[in-house]
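Open the model in your viewer and keep the selection tool at hand. Each stop below says what to select and what is there.

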Amino acid sequence: MSYYGITTDQASTLFSSLNTSSNTKNSSLSSLYQLTAGASAAKLEAKYYAKSLSQTSGASATNYKAQLQKKQEEAMEKADIKQDGLDLKVSLEALTTKGNNSILNQYSGKASDSQAIKSATIKNGTSSSVKDMELNIKQVATSQQNIGNQLKSTEKSLENGNYSFKVNVGDKTHTIDFKVESGDDNLAIQKKVAEAINSKDIGITAKANTVDGNSYLSIESKETGKTKAGNDTVFTISDTYSSTGKAVDKLGLNNITHKAQNAIYSVNNGADVESRSNKVTTSNGVQIELNKATSGNTTISFKGDDESARNLVKNFVSQFNSTLSGTSSEKAYKELTSIAKSNKYALESLGLSVDKDGAIKVNEDKFKNTSMDDIKKVFNDTGSFGTQVNKKANEIAYNPQKYVSNTSSTSGFYNSSAYLTNSSSSIIDYLF
């Protein structure tokens, strides 16, 4: 366990090194600097501790060291209690409905035509706002596709030599070079062309294909849809004058077999919407990935991710119980168990029970049918179990001193002879 980059073992060593005789002060201070590297406030406080201890002797030094030891014990307890609160907060944050990335806000859609869409997601929904929707996909977005000439794979259609051709993508022109050598057949040549195109990373991809003893090149634009200017021809390919031969014509590289098109769809019988991509966000905030055209409306129904929500609850229950069994603070234990017991019936509605010690148990037979919306009520509604635990976790994390078992032992720890007062911040306050 660590706090602000300094482990409890290091903190313990820090105190031990301060609690030394005067002839080891320099080495102790050097050790402190190493332990508190990166924590400038802690370094400064370490100086005060070393100076304070160097000003005391005899009975005063003995008393000072005894109080220093008590301060160490309290600090370690406070650090552990603080961590209890932080751990609880983390487990609860996953169950919050704040933010678009919360699982408890996300609803997944399923279409009546199972092939119409790949996915439909509502990122920031509520049970009352999520409604079924009608989607009519008139066409999906596609990329431009060129299919080259089929040539006998083992024959050779280009002579040996250096070749080049131009590829125009949008308003940019790219030159592609390749070389035909002895022993290259058509398939080997086509593979070289594909590799030369792909290595340029210019927005198109190429592949050499074989069928029934023949081979051909397929070339496709990486992105779907027309150009920004609305052109359905995304790229063109042409030979250069310096080329050894007409490779584009021989290989059929500029044979456009399918022009690019945009997706066209409508929602709830509204106006048609056009998109260059099949990943669209509707006017009501639904994120959909279109898959194929429909013959009319397809109904999309939405449902929360109940299983993921239940797993988050199980994680919280595990952390809650671990905090109860591991905390050194009787006050924190009593207050957390009180919250659990006072919300017994709300928890039981989810399939969770509270035992006599305040620990929460999962009743799998009932819990497996708990919905995400049920969980949201118990963990997110105003005054709910979840909001009460979160408020208490905040108190524990940010005011751990309130939960330390015995705070009186350090009263008056600082005094004028030690050059520090009760109002001064200690190194522990900086570290923990």
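Start with Asp201, in the loop between helix 5 and strand 10 (204-211). The model is predicted. Check the backbone first: phi of Asp201 is near 50°, a positive value in a residue other than glycine. Most residues other than glycine have a negative phi. Is Asp201 buried or exposed? Asp201 is exposed, with a relative accessible area of 56%.

**Back along the chain to helix 5**

Select helix 5 (residues 186-198). This helix packs on a sheet and touches strand 8 and strand 9. The direction of helix 5 makes about 145° with that of strand 9.

Now show that sheet. Its three strands have the order 9-8-12, the pairing is antiparallel, and the sheet is open. Which strands stand at the edges? Strand 9 (172-180) and strand 12 (235-239) do. Each has a single partner strand, so one side of each is left without a neighbour in the sheet. From one strand to the next, the twist averages 25°.

Zoom in on strand 8 (residues 161-169) and strand 9: nine bridges join them, and they run antiparallel. For one pair to select, take Asn162, whose bridge partner in strand 9 is Lys179.

**The eight-stranded sheet**

Next, colour the strands 15-14-5-18-3-4-17-16 in that order. These eight form an open sheet with antiparallel pairing. Strand 15 (273-275) and strand 16 (279-281) are the edge strands, and each pairs on one side only. Neighbouring strands here are turned by 30° against each other on average, direction ignored.

Begin toward the strand 15 end. Select Asn269, in the loop between strand 14 and strand 15. Asn269 is not a glycine, yet its phi is positive, about 65°. At 61% relative accessibility, Asn269 counts as exposed.

Step to strand 14 (residues 263-267) and strand 5 (residues 133-139). Four bridges pair them in the antiparallel sense. Pick Asn136: its bridge partner in strand 14 is Ser266.

Then go to the other edge. Strand 16 and strand 17 pair over three bridges, in the antiparallel sense. Their hairpin has four residues between the strands. Which residue of the hairpin takes a positive phi near 85°? Select Gly285 to see it.

Stay on strand 17 (residues 286-290) and show its side chains. They alternate. Val286, Ile288 and Leu290 point to one face and are buried. Gln287 and Glu289 point to the other face and are not buried.

Keep Ile288 selected and look to both neighbouring strands. Val280 has Ile288 as its bridge partner in strand 17. Ala120 also stands opposite Ile288. Strand 4 (residues 117-122) is joined to strand 17 by five bridges, and the two run antiparallel.

**A helix pair**

Select helix 7 (residues 306-326) and helix 8 (residues 330-342). How do their axes meet, and at what angle? The axes come within 9 Å and cross at roughly 145°. Helix 7 passes helix 8 in a left-handed crossing. Show the contact side chains: Phe320, Thr323 and Leu324 of helix 7, with Tyr333, Leu336, Thr337 and Ala340 of helix 8.

Now take helix 8 alone. Its 13 residues reach 18 Å from first C-alpha to last, close to the 18 Å expected at 1.5 Å a residue. The buried residues of helix 8 are Ala332, Glu335, Leu336, Thr337, Ile339 and Ala340.

**Helix 12**

Move on to helix 12 (residues 385-398). Its 14 residues should span 20 Å at 1.5 Å a residue, and its end C-alpha atoms are 20 Å apart, which agrees. Which residues of helix 12 are buried? They are Phe385, Gly386, Val389, Lys392, Ala393, Ile396 and Ala397. These buried residues cover an arc of only 135° around the axis, which puts them on the same side of helix 12. An α-helix has 3.6 residues a turn, so residues three or four places apart point the same way. Rotate to the face turned away from the buried side: Lys391 and Tyr398 are there, both exposed.

**Zoom out**

Finish with the whole protein: 13 helices and 20 strands. Of its 432 residues, 43% count as buried. Among contacts with a separation of 6 or more, 68% are between residues 24 or more positions apart.

Technical notes
Residues numbered from 1 in each chain as written. Predicted model: local features only at pLDDT ≥ 70, side-chain atom pairs only at ≥ 80, totals over all residues. Heavy atoms only, no water. Pairing = 2+ DSSP bridges. Axes fitted to C-alpha atoms, helices over the stretch in contact; angles between N-to-C directions. Expected span 1.5 Å × (residues − 1). Buried < 20%, exposed > 50% of the residue type's maximum accessible area, 1.4 Å probe, protein only. Arc of directions from axis to C-beta. Contact = heavy atoms within 4.5 Å. Left-handed = near helix turned anticlockwise from the far one by under 90°.
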